[in-house]
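Please look over the sequence and the model shown below before reading the briefing that follows.

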Amino acid sequence: MWQWFHKLGSPRWFYHLSSKFLPWLALASVVLIVTGVVWGLAFAPQDARQGNSFRIIYIHVPASFLALAGYYVMAAAGAVGMIWKIKLADMVMVAAAPLGAALTFIALFTGAIWGKPTWGTYWIWDARITSMLVLLFLYIGIIALSRSFSTRETSARACAILALVGTVNIPIIYKSVDWWYTLHQPATIKLTGAPSMHPDMFKPLLVMILGFYCFYALVLLLNTRTEILQRERRTTWVKELAAGK
Amino acid sequence: MTSLGGAFFAVIQRDLSIAMRHRGDLLNPLFFFLIVVTLVPLGISPEPTRLAAMAPGMIWISALLATLLALDNLFQADFADGSLVQLMLSPEPLWLLVLAKIIAHWLVTGLPVVLFSPLLGMILSLPGAGFLPLLLGLALGTAVFSLLGAVGAALTVALHKGSVLLSLLVMPLYVPVLIFGTSAVQRAVDGMNYGGVMAILAAVAAFSLLLAPFAAAGALKVGING
Amino acid sequence: MFQFDSFDAFLAMAGHGPYVWAAYGVSLTIMAWLALSPLRRQRALLGELRRRLQTQRPRGES
Amino acid sequence: MSSQPLLEFRALTFERDDWPLFSDLCGALKAGEILQITGANGCGKTTLLHILATIQAPTAGSLHWQGRDISRCRQEYLTAMAFVGHQSGLKLSLTPRENLHWLSQLQPLSRVSSGAALARIGLAGFEDVPCYTLSAGQLRRAALAILCMSEAKLWLLDEPLTALDVEGIADLEALLLGHVAEGGGVVLSSHQPLAIPALRTLALDAMTEVAY
């Protein structure tokens, strides 16, 4: 059992295994995202109230989904790396941080642009956007911390602890920000009315969400593979890989 | 022979007596707190109604910054002179000793801020109903600041430019406390019941008390290898 | 069903064009960069390793 | 006396940023032995001592205390081990007596009173002055006073000779010999020679040159 577990955690094994399904993942994410973008931009009906600006939803919502899910992926990888001392999990955690931060930024950026035609202002202290901003700060903290240690192992351990503390805090942060928002009751419409969405609008969103999941997995894999090469660059298998190319 | 309680109280006692020998350092966060709050009327408006509207938030934010200012000294001084290593090599459970350090730290940084806050409430024309929730909320809130901050302080203990990084790490974690703390005061001022909010704040404090010492102990083991 | 009367209308998006296109453009650019930058780093890393190996080999094997 | 070593380390490897500082280091310390770790600056003496003291974890390898893996008996190991590091571990604003009193609450230090320990190490008369008034050599002596009080079997000392004068070094040597005569063990790092018979040495230098 332990043997198997550690084989799973072997960077070399993972590197070779991941090469096999990497092309398929790339294909799936490109096809899904291109389909979703074209469908969402050109073929989905426009929203009765918000007009065409509503089409930003097809980027904004999937990015927000993965920004939050990405934090949990990162924390889970960090926990696995910390508890079972699996190097690969540490590498996954390091790979997940910048990716999650970038997706959080996309979610914030598209949210702000969407705000302009909808509310007449780029920034509004909406609960969802504020939580997203705090999430971005949490990501930035992790990235900053990971860059300030001299050894990779220590850095990974430290980030794992911070990510776990952050994970425990995220639900509290989200709830508190939600509550804070209702407290101040701004007279604006809600950003998304997902439940009442027309099926024709919803289908491309589903395609985009799937596409973003594939994209996330793809980039996480790519980042992890780079990290593996970086860390294992003194091993024979990486040298053979470099020489054979 | 060592004993659990003995070690716990010895750590508190030592940290308190060191703090008492550096009384000047003790006052610094307090003066910082006072100065930041003084800047508010200068920067915004001396008009009492406008000040009163901002008072809960401003006092809370300055209290947050004041405790943050003192946070990097929680472990750093002990790390520099090697006594942190001796602490960590004690056979006693590390989380307990860390908790003792956090308590001592709160007593010398958090508690003075709490006790000082009514004065600042007066300066900022906070209505009378707001004082009790301000005191209670800050007492719970600064405890959470110290507890969560200890994790960040432990992670950055061996880093050269740790203090800016430390603020970056812990400030997002302080968001819920700030929200609940200010709204408890606001509700009291508006004549509403603030018991529920205070209960949430107490729950957050209890939760932090339960988890933060373990997280900070784990963080220290990692952090000293910076 | 294509929602617009003409390609120009598609670009204009009834006045919301700049917002929609900016959001999509910036987001997709960031995503492309996210996918390409690890590939580039990987190539650079392997290239450097190879160079190092080539300069080391004569010494190591003789 | 059993032949079981007090402390044994097997295949210790430590890498900093994937660069091996030392690798596959093996060794053992029996009761009554003093092991001196030598080597140039930056070769990993302090790191090795930190690993032996369980302050730092090795990248690979294991430590054994009286035959048992230390990860299984860390608590017991900590009560049986005293560590004096590069930094004194003393608070400068407290007096030597206060410092030792605090430490004795954390670690098993009750062989002799703090006053007796300070007198033995040559700090009589300085017990109750703040540590910031002491010289570097006196501070080092105060830190070493922990050893007089300690009940630990194993001493781990990182550069204990730093800042000590001739007399201080002689005091320390006497202290070490007394400890091993009672069946204790010592691991210390130093590049100075010590006037101790039957001193074992472990040279770390050989490990610094590792091919890319």
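Is Ile224(B) buried, partly exposed or exposed? Ile224(B) counts as partly exposed, because 19 other C-beta atoms lie within 10 Å, where 20 or more would make a residue buried, 12 or fewer exposed, and anything in between partly exposed, with C-beta atoms placed from the backbone. This is a predicted model, in which local features need pLDDT of at least 70 and side-chain atom pairs count only at pLDDT 80 or more, while totals for chains, interfaces and linings use all residues. Residues are numbered from 1 along each chain as its sequence is written, and chains are lettered from A and ligands numbered from 1 in the order in which they are written.

**Surroundings of Ile224(B)**
- Ile224(B) lies in the segment after helix H10 (195-223) of chain B, helices being DSSP runs (H or I, at least four residues) and strands likewise (E, at least two), numbered from the N terminus.
- Beyond residues up to four places away in sequence, Ile224(B) touches Phe79(B), Leu84(B), Val157(B), Ala158(B) and Ile55(D), a contact meaning C-beta atoms, placed from the backbone, within 7 Å.

**Nonpolar core**
- The largest nonpolar core (buried Ala, Val, Leu, Ile, Met, Phe, Trp, Tyr and Cys residues joined through C-beta atoms within 7 Å) has 230 residues, and Ala145(D) and Ile146(D) have the most contacts inside it.
- Helix H4 (residues 87-119) of chain A supplies the largest share of this core, 19 residues.

**Chain A**
- Chain A has eight helices and zero strands, and 48% of its 245 residues count as buried.

Key: Two residues are in contact if their C-beta atoms, placed from the backbone, lie within 7 Å.
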